[in-house]
Amino acid sequence: MNKQTLIELKNVQKKWDVGGSNAIPVLASINLSIYVGEFLAILGPSGSGKSTLLRIIAGLTPVTAGKVTYLGQEYQGVNPGAAMVFQSFALFPWLTVLENVMMGLEASSMPAEAKREKALHAIDMIGLDGFENAYPKELSGGMQQRVGLGRALVSDPDVLLMDEPFSALDVLTAENLRRDILELWRDKKIPTKTIIMVTHGIEEAVYMADRILVVSGSPARINTDMAVALPHWRDKTAPAFISLVDKLYSLMMKREAGDTRKISLPEDKEMAAIPHVSAGALTGFLELLEDLNEKTDLYKLADRFMMDSEDFFPIVDGATLLKFAKVLDGDIELTPEGVRFAQASVLERKELFRTQLVENVPAASKILAILQSKSNKRMNIEFFEDTLASSFPPSEVKSYLDILIDWGRYAELFAYDEQSRQLFLE
Ligand SMILES: Nc1ncnc2c1ncn2[C@@H]1O[C@H](COP(=O)(O)OP(=O)(O)OP(=O)(O)O)[C@@H](O)[C@H]1O
């Protein structure tokens with residue numbers, strides 16, 4: 001049977017305007033067909049553009065180039081067949097549960113009484129019967145997200161878009177809601193044809209979705225488009241389940257040439273973005289790896305430390321960027337430098353970290369060179385901020401420099417004076 005296309009993206013590109021003549025490319029040329037009847041999960045590293053892609057599909061963010069169609073029709077503004085559930089719930093605190101859910105029908109020309117009836121039905125379906133007149137602040141996080149879900153489902157959308165819908169919930173509440181959504185969808189208790197979910201959770205994606213995309217790179221591309229053929233309800237301990245999660249971990253860890261965002265510094269020296277992880281966290285991670293004393297499966301390691309990929313990948317990225325560890329086929333192991341580091345004294349560690357930092361992070365050696373070239377061995381942080389501002393949004397410039405300063409301080413490569421906002425050599 002031929003699959004019926006519901007949404008199609010053709011050569012979609014997105015650039016963010018960061019003022020002046022600068023525009024940061026976030027999405028490369030994305031070509032994607034989304035079909036009737038599928039549950040699609042979109043995975044990717046933090047900041048890779050997953051939410052941007054979802055918002056483009058929702059029609060909440062305009063494309064810079066390319067075309068998006070719903071049932072073959074290009075749409076201006078919001079996608080007429082889609083409704084969205086947000087990570088932050090995005091409820092109106094001054095409205096009751098019923099009124100919040102009715103907001104999902106705001107654009108409809110239905111009479112008020114019919115809207116009320118539909119909203120009451122949706123509230124029933126999502127398990128909030130009896131809470132119609134409660135206000136969001138009176139509800140738990142899980143119940144608030146159910147209201148968000150009710151507001152999205154009340155309009156009987158063809159496509160349900162969910163942006164990390166479970167990440168603000170505790171583990172059990174999230175698990176409960178995942179099951180309920182899957183049940184509504186699989187048992188056709190809702191007329192929604194297709195679900196698209198952005199998530200950081202590899203296991204969550206494999207548990208729920210029929211098809212998984214991995215987006216990565218800067219600008220982001222779809223690097224993996226994988227079907228999940230396991231029957232529902234899926235057993236998370238089954239070898240086939242674990243092996244798929246494992247495979248996705250490896251795919252997400254794989255760094256390809258040009259995969260990370262490059263920024264240009266004076267003299268056109270290029271460098272990759274650095275992961276947001278402190279030297280202290282990296283040190284602890286390398287010690288743990290040394291304790292394990294063997295090649296370790298990344299997926300099991302994340303599980304063992306009870307970390308989700310959101311927190312785990314930057315640490316792995318940091319360790320591999322500094323060449324203290326290497327990742328191959330989903331396994332991570334310490335390099336000889338990593339072993340030496342883990343076994344070294346505090347002072348020796350600083351020296352080893354310094355060597356790896358200068359050799360592997362061009363931004364660090366660049367800062368060092370600039371400071372060395374100054375007679376007073378000092379430079380205002382604004383100089384570096386300005387240099388980065390043309391390539392990164394302001395929030396990223398700050399976190400980039402915060403991490404560089406943290407690493408530089410730990411390695412005693414350079415220091416930073418918060419008062420004068422100057423980097424300097426000691
Ligand atoms: N309105 C905006 N203006 C400028 N830059 C933006 C805007 N929205 C997002 N960005 C930038 O676009 C990039 C992609 O953001 P996006 O939120 O789509 O990524 P993501 O993969 O969903 O990230 P996360 O997993 O952390 O939510 C990031 O660098 C982000 O800082």
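What share of the contacts in the protein with a separation of 6 or more comes from residues 24 or more positions apart?

**Exercise 1. Overall fold**

Work out the contact share, then describe the dimensions of this predicted model.

Solution.
- Start with contacts. Residues 24 or more positions apart account for 68% of those with a separation of 6 or more.
- Next, take the radius of gyration. A compact globule of 426 residues would have a value near 22 Å; the protein has 24 Å, which agrees.
- Then take the box. Along the principal axes, the C-alpha atoms fill roughly 75 × 50 × 45 Å.
- Add burial: 38% of the 426 residues count as buried.
- Finish with secondary structure. The protein has 15 helices and 18 strands.

**Exercise 2. A four-stranded sheet**

Find which strands stand at the edges of the open sheet that contains β1 and β4.

Solution.
- Write down the order: β2-β1-β4-β5, with antiparallel pairing.
- Read off the ends. β2 (23-35) and β5 (73-74) each have a single partner strand, so one side of each lacks a neighbour in the sheet.
- Now go inside. Strand β1 (residues 5-17) and strand β4 (residues 65-70) run antiparallel and are joined by five bridges.
- Pick a bridge: isoleucine 7 has tyrosine 70 in β4 as its partner.

**Exercise 3. The ligand shell**

Sort the residues around the ligand by class and find the element that gives the largest share.

Solution.
- Collect the shell. Its members include Trp16, Val26, Lys50, Ser51, Thr52, Pro393 and Glu396.
- Sort them: the shell has three nonpolar, seven polar and two charged residues.
- Assign the share. Helix α1 (residues 50-58) contributes the largest, with three residues.

Conventions
Residues are numbered from 1 along each chain as its sequence is written. This is a predicted model: local features need pLDDT of at least 70, side-chain atom pairs count only at pLDDT 80 or more; totals for chains, interfaces and linings use all residues. Two strands pair if DSSP finds at least two bridges between them. Helices (H or I, at least four residues) and strands (E, at least two) are DSSP runs, numbered from the N terminus. A residue is near a molecule or strand if its C-beta atom, placed from the backbone, lies within 6 Å of it. Ala, Val, Leu, Ile, Met, Phe, Trp, Tyr, Cys and Pro count as nonpolar, Asp, Glu, Lys and Arg as charged, and the others, Gly among them, as polar. The radius of gyration is taken over C-alpha atoms; the globule rule is 2.2 Å times the number of residues to the power 0.38. A residue is buried if 20 or more other C-beta atoms lie within 10 Å of its own, exposed if 12 or fewer, and partly exposed in between; C-beta atoms are placed from the backbone. Two residues are in contact if their C-beta atoms, placed from the backbone, lie within 7 Å.
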